[in-house]
Amino acid sequence: MTEATIQAAGCVLWRMSPIDGALEVCLVHRPKYDDWSHPKGKLKRDEAALAGALREVEEETGYTATPGARLLTLAYEVNGRPKEVRYWAAEAREGAFVPNDEVDRVLWLPPTAARNRLTHPRDKDLVDALLTAIRRSTVSPA
């Protein structure tokens, strides 16, 4: 008997810099794993993936967010169990970060710096997916 796939969801949280108006991506540092990643987490029983993704963003970063394009689904193993994480682009709205047991730091970085800071190579593709989604949303049809 195989164990059920762990279902999780998250967002590539972004904003326009309050300093220079350039695009910034939010990364979270999880002290338990000593890694930098996008905000994400396991879904609660019967929780819709997008609702879970937005809940995790607020819990981990302190920001509410407006969801945008559906991005990638990443699949990998955690302690021998399969895990699937569905991601959305999400624009940060109101809020402020408060360190907690799960996330002790957040960084707002330009996309290239965010890609370089991410710990897991699989998370880097999400930055590219975000940039593609933002480009598509700003191009108007002919």
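These legends accompany several close-up views of one predicted protein model.

**Figure 1. The whole protein chain, from start to end.**
Let us begin with the overall picture. The protein chain holds three helices and seven strands. Walking along the sequence, you meet them in the pattern β-β-β-β-α-β-β-β-α-α. The C-alpha atoms fill a box of roughly 50 × 40 × 30 Å along the principal axes. How does the radius of gyration of the protein chain agree with that of a compact globule? For 142 residues, such a globule would come near 14 Å, and the protein chain has 15 Å, which agrees. Of the 142 residues, 43% are buried. When we take contacts between residues at least 6 apart in sequence, 67% of them join residues at least 24 apart.

**Figure 2. The surface and charges of the protein chain.**
About 8100 Å² of the protein chain is exposed, and carbon and sulfur atoms supply 52% of that area. The protein chain also carries 20 positive and 21 negative charges. The mean positions of these two sets of charges are 3 Å apart.

**Figure 3. Strand S2, covered on both faces.**
Here we look at strand S2, residues 23–30. How many of the eight residues of strand S2 are buried? Eight of the eight are, so the strand is largely enclosed by the rest of the structure. A general rule helps in reading this view: in a regular strand, side chains alternate between the two faces of the sheet. On one side of S2 you will find Leu-23, Val-25, Leu-27 and His-29, and on the other side Glu-24, Cys-26, Val-28 and Arg-30. Both sets are buried, and both faces of S2 are covered.

**Figure 4. The strands that pair with S2.**
Which strands pair with S2 in the antiparallel sense? Strand S1, residues 6–16, does so over three bridges. In this pair, Trp-14 stands opposite Val-25 of S2. Strand S7, residues 105–109, also runs antiparallel to S2, and five bridges join the two. There, Cys-26 has Trp-108 as its bridge partner. Strand S3, residues 35–37, is joined to S2 by three bridges, again antiparallel. In that pair, Arg-30 stands opposite Asp-35.

**Figure 5. Two hairpins and their turns.**
S1 and S2 form a hairpin with six residues between them. In its turn, Gly-21 has a positive phi of about 75°. S2 and S3 form a hairpin too, this time with four residues between the strands. Asp-34 is found in the loop between S2 and S3, and its phi is positive, about 50°, although Asp-34 is not a glycine. Most residues other than glycine have a negative phi. Is Asp-34 buried or exposed? With a relative accessible area of 57%, Asp-34 is above the 50% cut-off and therefore counts as exposed.

**Figure 6. Asn-79 in the loop between S5 and S6.**
This loop lies between strand S5 (63–78) and strand S6 (81–95), and Asn-79 is found in it. The phi of Asn-79 is near 50°, a positive value in a residue other than glycine. Asn-79 is exposed, with a relative accessible area of 79%.

**Figure 7. Arg-30 and its surroundings.**
Arg-30 has its place in strand S2. Its relative accessible area is 16%, under the 20% cut-off, so Arg-30 counts as buried. Which residues does Arg-30 contact, leaving aside neighbours within four places in sequence? They are Asp-35, Ser-37, Lys-40, Glu-102, Val-103 and His-120.

**Figure 8. Pro-39, a buried loop residue.**
Pro-39 lies in the loop between S3 and strand S4 (40–42). Pro-39 is buried, with a relative accessible area of 0%. Not counting residues up to four places away in sequence, Pro-39 touches several residues, including Gly-10, Cys-11, Cys-26, Val-28 and Tyr-87. Glu-60 is another residue that Pro-39 touches. These two are 21 residues apart in sequence, with 6.3 Å from C-alpha to C-alpha.

**Figure 9. Trp-108 in strand S7.**
Our last view shows Trp-108, which is found in strand S7. At 14% relative accessibility, Trp-108 counts as buried. Beyond neighbours within four places in sequence, Trp-108 has contacts that include Leu-13, Trp-14 and Arg-15, as well as Glu-24, Val-25 and Cys-26. Tyr-63 and Ala-92 are also in contact with Trp-108. Lys-40 is 68 residues from Trp-108 in sequence, and their C-alpha atoms are 16 Å apart.

Technical notes:
Residues numbered from 1 in each chain as written. Predicted model: local features only at pLDDT ≥ 70, side-chain atom pairs only at ≥ 80, totals over all residues. Heavy atoms only, no water. Rg over C-alpha atoms; globule rule 2.2 N^0.38 Å. Buried < 20%, exposed > 50% of the residue type's maximum accessible area, 1.4 Å probe, protein only. Contact = heavy atoms within 4.5 Å. Areas by Shrake-Rupley, 256 points an atom, 1.4 Å probe, with all protein chains shown as cover. Lys, Arg positive; Asp, Glu negative; His and termini not counted. Charge placed at Lys NZ, Arg CZ, Asp CG, Glu CD. Pairing = 2+ DSSP bridges.
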